Amino acid sequence: MQNVLEIVTWYKNNLRDLPWRSTNDPYKIWLSEIILQQTQVNQGLKYYYAFVEQYPDIQSLANADEQEVLKLWQGLGYYSRARNLLKTAVLVTDKHQGIFPNTMEEILKLPGIGQYTASAILSFAYNLPYPALDGNVFRVISRLYNIHLPINEQKNRAAFLDILNEMIQGVDPAQFNNAMMELGAMVCKPDNPKCDICPVSAYCQSKALGNTSQLPVKAAKAAKKKRYFNFFYIKYNDGFYLIKRSESDIWQNLYQLPLIETAHDLDIKDEFSDLKDVLTQLQEVNDLLKKEILVSAASELRYLNSIKHLLTHQEINAKFFEVNCNEQPTFKLENCIWVNADSRQNYPLPILIEKFLLSL
Ligand code: SF4
């Protein structure tokens with residue numbers, strides 16, 4: 001296909017020098033692909049370097065402590081990626097003698113690896129002809145062939161893959177996949193695609209029809225679920241409590257301030273709301289934490305601030321309260337640890353909590 005040759009030639013002349021492009025080590029390619037999911041290249045680069053420095057090969061990652069991995073991952077979000085990274089490293093080390101499998105079937109059995117990541121590993125590390133279909137490539141194909149199928153509906157993947165499977169024949173698979181992704185990232189951008197410098201503008205149906213701003217098509221998403229988190233910064237001198245989130249939910253195995261989740265937003269009248277007034281509103285929550293706060297509170301309670309934090313499928317409405325204790329409290333809560341500004345650095349925190357602590 002002539003348009004494929006034009007794209008690959010353009011790529012060879014314009015590629016960005018990224019560290020995972022100059023290696024065929026499946027470990028480093030896998031690592032980069034997991035980091036780059038939901039993450040911009042510029043932000044991902046520093047995490048990639050940090051991981052490769054701390055864990056230069058899959059065996060060293062397999063031997064790592066989960067808390068250490070989560071700490072290094074802190075700030076990237078979607079922490080299940082980091083937990084799966086560790087699980088996969090252990091599996092590859094134990095079951096595959098430390099060598100990344102080279103078949104689609106085996107790779108898809110590894111935690112956190114879907115069709116796109118598997119194809120990227122198979123093409124970049126083993127040069128096998130699997131097209132890697134990410135958001136950039138969806139956009140290029142939608143426009144090049146004027147396809148109006150919603151790209152966020154799983155059932156439409158096959159139509160895009162059919163086209164890509166034809167395009168990848170007879171060219172270097174790694175170069176082809178890199179070229180398609182680079183074209184989407186640098187030229188065929190979501191807004192204002194740079195059609196005047198595009199190597200395939202002569203073949204592009206969407207450009208000819210003048211409908212590039214309407215493509216790709218995305219189906220409307222379900223509204224985000226709203227949650228109301230009330231965090232308590234329970235402090236005495238320079239110490240305060242953190243609690244490990246152990247339940248299967250967002251931020252699993254990360255540390256946060258003691259939390260009471262409510263079904264509705266609390267009504268806060270002023271900064272020094274009466275402790276009872278706030279706790280009355282927490283009546284629907286009958287948990288140990290509320291009792292502990294009550295006991296510790298000869299103390300003073302102060303409302304500090306609210307932060308709205310958006311995740312892919314959830315809207316977290318967080319309120320932060322300070323509980324100033326008159327003596328060091330002794331909570332009998334599971335997974336509760338007493339830290340200070342220095343020692344808390346050893347624990348992985350959701351970025352929401354990190355930002356709050358940095359704002360104090
Ligand atoms: Fe994208 Fe424009 Fe190139 Fe078409 S001509 S592929 S819309 S950049």
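The exercises below deal with the cavity, a pocket, the ring pairs and the burial of residues in one predicted protein model.

Residues are numbered from 1 along each chain as its sequence is written, and side-chain values use heavy atoms, with hydrogens and water left out. Because the model is predicted, local features need pLDDT of at least 70 and side-chain atom pairs count only at pLDDT 80 or more, while totals for chains, interfaces and linings use all residues.

**Exercise 1. Describe the overall make-up of the protein chain.**

Start with the elements: the protein chain has 15 helices and seven strands, where helices (H or I, at least four residues) and strands (E, at least two) are DSSP runs numbered from the N terminus. Next take the extent, for the C-alpha atoms fill a box of roughly 75 × 50 × 30 Å along the principal axes. Finally consider burial: of the 360 residues, 51% count as buried, and buried means under 20% relative accessible area, exposed over 50% and partly exposed in between, with a 1.4 Å probe and protein chains only.

**Exercise 2. Decide whether leucine 91 is buried, partly exposed or exposed.**

Leucine 91 lies in helix H6. Its relative accessibility is 26%, so leucine 91 counts as partly exposed.

**Exercise 3. Locate the ligand and describe the cavity that holds it.**

First look for cavities: a search of the whole structure finds one of 30 Å³ or more. On a 1 Å grid over the protein atoms alone, a cavity is a set of points where a 1.4 Å probe fits but cannot get out, whereas a pocket is an open set with protein on both sides within 12 Å along at least five of seven lines, and lining residues have an atom within 4 Å of a point. About 130 Å³ of space lies in the largest cavity, and among its 15 lining residues Cys188, Cys195, Cys198, Val200 and Cys204 are the closest to its centre. Helix H9 (residues 135–144) gives the most to this lining, with three residues.

Then place the ligand, which takes up the space of the largest cavity; a molecule sits in a cavity or pocket if more than half of its atoms lie within 2 Å of its grid points. The residues around the ligand include Arg143, Cys188, Cys195, Cys198, Cys204 and Lys207, and a residue is near a molecule if one of its heavy atoms lies within 4 Å of it.

**Exercise 4. Classify the ring pair of phenylalanine 138 and phenylalanine 160, and then that of tyrosine 303 and phenylalanine 321.**

The search of the whole structure finds 18 aromatic pairs. Rings of Phe, Tyr and Trp (its six-membered ring) pair if their centres lie within 6.5 Å, and planes under 30 degrees apart count as stacked, over 60 as edge-to-face and the rest as tilted. For phenylalanine 138 and phenylalanine 160 the centres are 4.8 Å apart and the planes stand at 75°, so this pair is edge-to-face. Phenylalanine 138 lies in helix H9 and phenylalanine 160 in helix H10 (residues 157–167), so the pair ties together parts that are 22 residues apart in sequence. Both of these phenylalanines are buried.

For tyrosine 303 and phenylalanine 321 the centres are 5.8 Å apart and the planes stand at 55°, so this pair is tilted. Tyrosine 303 belongs to strand S5 (residues 300–310) and phenylalanine 321 to strand S6 (residues 314–324), so the pair ties together parts that are 18 residues apart in sequence. Tyrosine 303 and phenylalanine 321 are buried.

Technical notes: Grid points are joined across faces, edges and corners, and a volume is the space filled by probe spheres set on the points.
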